[in-house]
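Hello,

I am handing over the structure we talked about, and my notes follow below it. Please have a look at the sequence and the model first, and then read on.

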Amino acid sequence: MGSVIKLVCASALVGLLAACASSSPDVIKRGDTQRMAQVEDAVVLSIRTVVVDGSQTGVGAAVGGVVGALGGYGGSGVQREAQVLGVLAGVAGAAAGNAIERFATKEDAIEVLVQLKGGDRRAIVQAKGTEQLAAGDPVIIITTGGKVRVTKAPK
């Protein structure tokens, strides 16, 4: 039984680490390196703070359900009671795991409204990075593999 709990805890840790993938504009994915990117000049019109809702991949619910079921099953010495407790605790654990995953993957972001040189306007949502953008800043919009990020224009 102890090895099963260790396995479940290790699986939970792996799931949590996988859920913590960054969408920061300061972090470039390995697959996006050494690729030509499209660059457009623009000017920031406004910046607004937003929150990107957390993901629900099912990993949190699965891990929470297994942990809850194992914990509930061990809660009684009577076979029938242990089974019922295991099922109830499994359902509760799945709900808790889902909520934890959603909360853990939620992140603060900004919505940047820009005006391109041709007059068109675009809104881009990206995670907060180290660079501070403000209305009136000249920026470049970098598009790589369908992903877009905004950064200050080089001087």
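Here is something to start with: which side chain meets that of R48 in a salt bridge? Please keep in mind while looking that this is a predicted model.

The partner is E111, with 2.8 Å from N to O. The pair links distant parts of the chain, since R48 belongs to strand β1 and E111 to strand β2, 63 residues apart. How open are the two ends to the surroundings? R48 has a relative accessible area of 47%, so it falls in the partly exposed class, which runs from 20% to 50%. E111 has 24% relative accessibility and therefore counts as partly exposed as well.

The count of salt bridges comes to two. The other one joins R122 and D120, where the closest N and O atoms are 3.9 Å apart. That distance is within the 4 Å cut-off, so the pair is counted. Both of its residues are partly exposed: R122 at 41% relative accessibility, and D120 with a relative accessible area of 43%. As general background, side chains of opposite charge can pair when their charged atoms come close.

Now to the overall layout. The protein has three helices and five strands, and from the N terminus on the elements run α-β-α-α-β-β-β-β. Of the 155 residues, 25% are buried. The accessible surface comes to about 10100 Å², and carbon and sulfur atoms hold 60% of that. Among the contacts with a separation of 6 or more, 64% are between residues 24 or more positions apart.

The sheet is a good place to go next. Its five strands form an open sheet in the order β3-β2-β1-β4-β5, with antiparallel pairing. β3 and β5 (147-152) stand at the edges with a single partner strand each, so one side of each has no neighbour in the sheet. From one strand to the next, the twist averages 45°.

If you step through the pairings, you can begin with β1 (residues 38-52) and β2 (residues 107-116), which run antiparallel to each other over ten bridges. In this pairing, V44 stands opposite V114 of β2, and V43 stands opposite Q115 of β2. The R48 and E111 salt bridge also spans these two strands.

On to the pairing of β2 with β3 (residues 121-127), which is antiparallel over seven bridges. Here I110 faces Q126 of β3, while L113 stands opposite A123 of β3. The two strands form a hairpin with four residues between them, and G119 in the turn has a positive phi of about 105°.

The loop of that hairpin deserves a look too. Is G118, which lies between β2 and β3, buried or exposed? At 78% relative accessibility, G118 is over the 50% cut-off and so counts as exposed. Its C-alpha atom is separated by 9.6 Å from that of D41, although G118 and D41 are 77 residues apart along the chain.

Last come two of the helices. Helix α2 covers residues 59-73, which makes 15 residues, and it reaches 21 Å from its first C-alpha to its last, close to the 21 Å expected at 1.5 Å a residue. Which residues of α2 are buried? They are G60, V63, G64, G65, G68 and G72.

Helix α3 covers residues 79-104 and has 26 residues. Its reach from first C-alpha to last is 36 Å, close to the 38 Å expected at 1.5 Å a residue. The buried residues in α3 are A82, G86, G90, G93, G97 and E101. What covers these buried residues includes α2, so to speak of one helix is to come back to the other.Over to you now, and do enjoy looking through it.

Best wishes

Conventions: Residues are numbered from 1 along each chain as its sequence is written. This is a predicted model: local features need pLDDT of at least 70, side-chain atom pairs count only at pLDDT 80 or more; totals for chains, interfaces and linings use all residues. Side-chain values use heavy atoms; hydrogens and water are left out. The expected span of a helix is 1.5 Å times one less than its number of residues. Buried means under 20% relative accessible area, exposed over 50%, partly exposed in between (1.4 Å probe, protein chains only). Two strands pair if DSSP finds at least two bridges between them. Contact means heavy atoms within 4.5 Å. Accessible areas come from the Shrake-Rupley method with a 1.4 Å probe; for residues, only the protein chains shown count as cover. Axes are lines fitted to C-alpha atoms, for helices over the stretch in contact, and angles run from 0 to 180 degrees between N-to-C directions.
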